Amino acid sequence: MSPDRNLALELVRVTEAAALAGGRWVGRGDKNAADGAAVEAMRAMISTVRMNGTVVIGEGEKDEAPMLFNGEEVGDGEGPECDVAVDPIDGTTLTAKGMTNAVAVLAVADRGAMYDPSAVFYMDKLVAGPEVADVVDIRLPAAENIRRVAKAKGEQPEDITVVMLDRPRHEAVAREVRDAGARIRFISDGDVAGAISAARPGTGIDLLLGIGGTPEGIITACAIKCLGGVIQGRLWPVDDEERQRAVDAGHDLDRVLTTDDLVQTDNCFFVATGITDGELLDGVRYRAGGATTTSIVMRSRSGTTRLIETQHNLTKVRSISPGPVG
């Protein structure tokens, strides 16, 4: 792909549209309606982007939610050939319950660059920032990684904060983190935002550990390409049937997948727009006459990260996201 330098700024319009649509459903208790609204808004807006894109990571298949499906052609059909990874709402439950850290996410890379997980929907992950990228290893115990991160940062383990999804499957690793002296920030959903917080300075998060979605891991890898840092992952089949499918597809389930395995190019983009308030981004603010969105826009080739606040005219917002009736 030889992308236009402004492609990232075109892509942010896509996540803004999804956030504006999904944001109408914040706190209304219907995650599928929120997801469906965000998907349709994203699909409509992405068709205007000058690229010949194919969705290779489509969110929704693992939980039968509405989705931009794998293999769907997106963009206007002109310009660079791209792999596209979408998550119209990373954190549908967060949106439905009005909780923090829901975001609309989109990543784009060279055609053929994104990893194909062959329907293994979960992955054990480690994410950390650039200053500790060379010292962490997902194969090591959590306590050792915490010790190494603390040493690299000139801190003590008690200064380290680990983010992980609040799931029963993480009880053992959470106990190990606490025994090492580190702190935990549990999140109920939305591990893309959590992972990026672990890689960006000034967030108060030093490390992400634990099992989350494989699609989210590949999207996160695009962000890590832009930010520096590291993501390491190992496929985590949920049952024997999924394990056998992975083996039949040629996957080595013991293999540690690196950032470069998950996204095999240094030419990619990552964009996200906040739906609800969080550590990474503010959520959508509606008001008489319009709405405000906050987005992060990253490009790996130039190493740029932009935070963008956009004021939207209410008439235009309604044409994208009419919201629930009644």
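Here are four short exercises, with worked solutions, on helix packing and one lysine in a predicted model.

**Exercise 1.** Work out how the axes of helix α4 and helix α5 are arranged: how close do they come, and at what angle do they cross?

*Solution.* Start by finding the two helices: α4 covers residues 142–152 and α5 covers residues 171–179. Next, look at the axes, which come within 8 Å and cross at roughly 40°. Angles under 35 degrees count as roughly parallel, and the crossing here makes α4 oblique to α5. As for handedness, α4 passes α5 in a right-handed crossing.

Now zoom in on the side that touches. From α4 come A142, A143 and I146, and they meet V173, E176 and V177 of α5. Sorting this contact by class gives five nonpolar residues, no polar ones and one charged.

**Exercise 2.** Do the same for helix α6 and helix α7: which residues meet, and how do they divide by class?

*Solution.* Take residues 191–199 for α6 and residues 214–227 for α7. Their axes come within 10 Å and cross at roughly 25°. That makes α6 roughly parallel to α7, since the cut-off is 35 degrees. The crossing of α6 past α7 is right-handed.

On the α6 side, pick out D191, V192, A195, I196 and A199; on the α7 side, their partners are E216, I219, T220, A223, I224 and L227. Split by class, the contact of α6 with α7 has eight nonpolar residues, one polar and two charged.

Look back at the numbering for a moment. An α-helix has 3.6 residues a turn, so residues three or four places apart point the same way.

**Exercise 3.** Decide how well α6 is covered: how many of its residues are buried?

*Solution.* Go along the helix one residue at a time. D191, V192, A193, G194 and A195 are buried, and I196, S197, A198 and A199 are too. The tally is nine of nine, and α6 is mostly covered.

**Exercise 4.** Place K225: which helix holds it, is it buried or exposed, and which side chain does it join in a polar contact?

*Solution.* First, the location: K225 sits in helix α7. Second, the accessibility: K225 has a relative accessibility of 15%, so it counts as buried, given that buried means under 20%. Third, the partner: the side chains of K225 and D266 are joined by a polar contact of 3.3 Å.

To finish, map the surroundings. Leaving out residues up to four places away in sequence, K225 touches T259, D260, V263, T265, D266, C268 and S300.

Key. Residues are numbered from 1 along each chain as its sequence is written. This is a predicted model: local features need pLDDT of at least 70, side-chain atom pairs count only at pLDDT 80 or more; totals for chains, interfaces and linings use all residues. Side-chain values use heavy atoms; hydrogens and water are left out. Axes are lines fitted to C-alpha atoms, for helices over the stretch in contact, and angles run from 0 to 180 degrees between N-to-C directions. Helices (H or I, at least four residues) and strands (E, at least two) are DSSP runs, numbered from the N terminus. Angles under 35 degrees count as roughly parallel, over 145 as roughly antiparallel, 65 to 115 as roughly perpendicular and the rest as oblique. A crossing is left-handed if the near helix is turned anticlockwise from the far one by less than a right angle, and right-handed if clockwise. Contact means heavy atoms within 4.5 Å. Ala, Val, Leu, Ile, Met, Phe, Trp, Tyr, Cys and Pro count as nonpolar, Asp, Glu, Lys and Arg as charged, and the others, Gly among them, as polar. Buried means under 20% relative accessible area, exposed over 50%, partly exposed in between (1.4 Å probe, protein chains only). A polar contact is a pair of N or O atoms within 3.5 Å; within protein, one must be able to donate a hydrogen and the other to accept it, and residues adjacent in sequence count only if both atoms are side-chain atoms.
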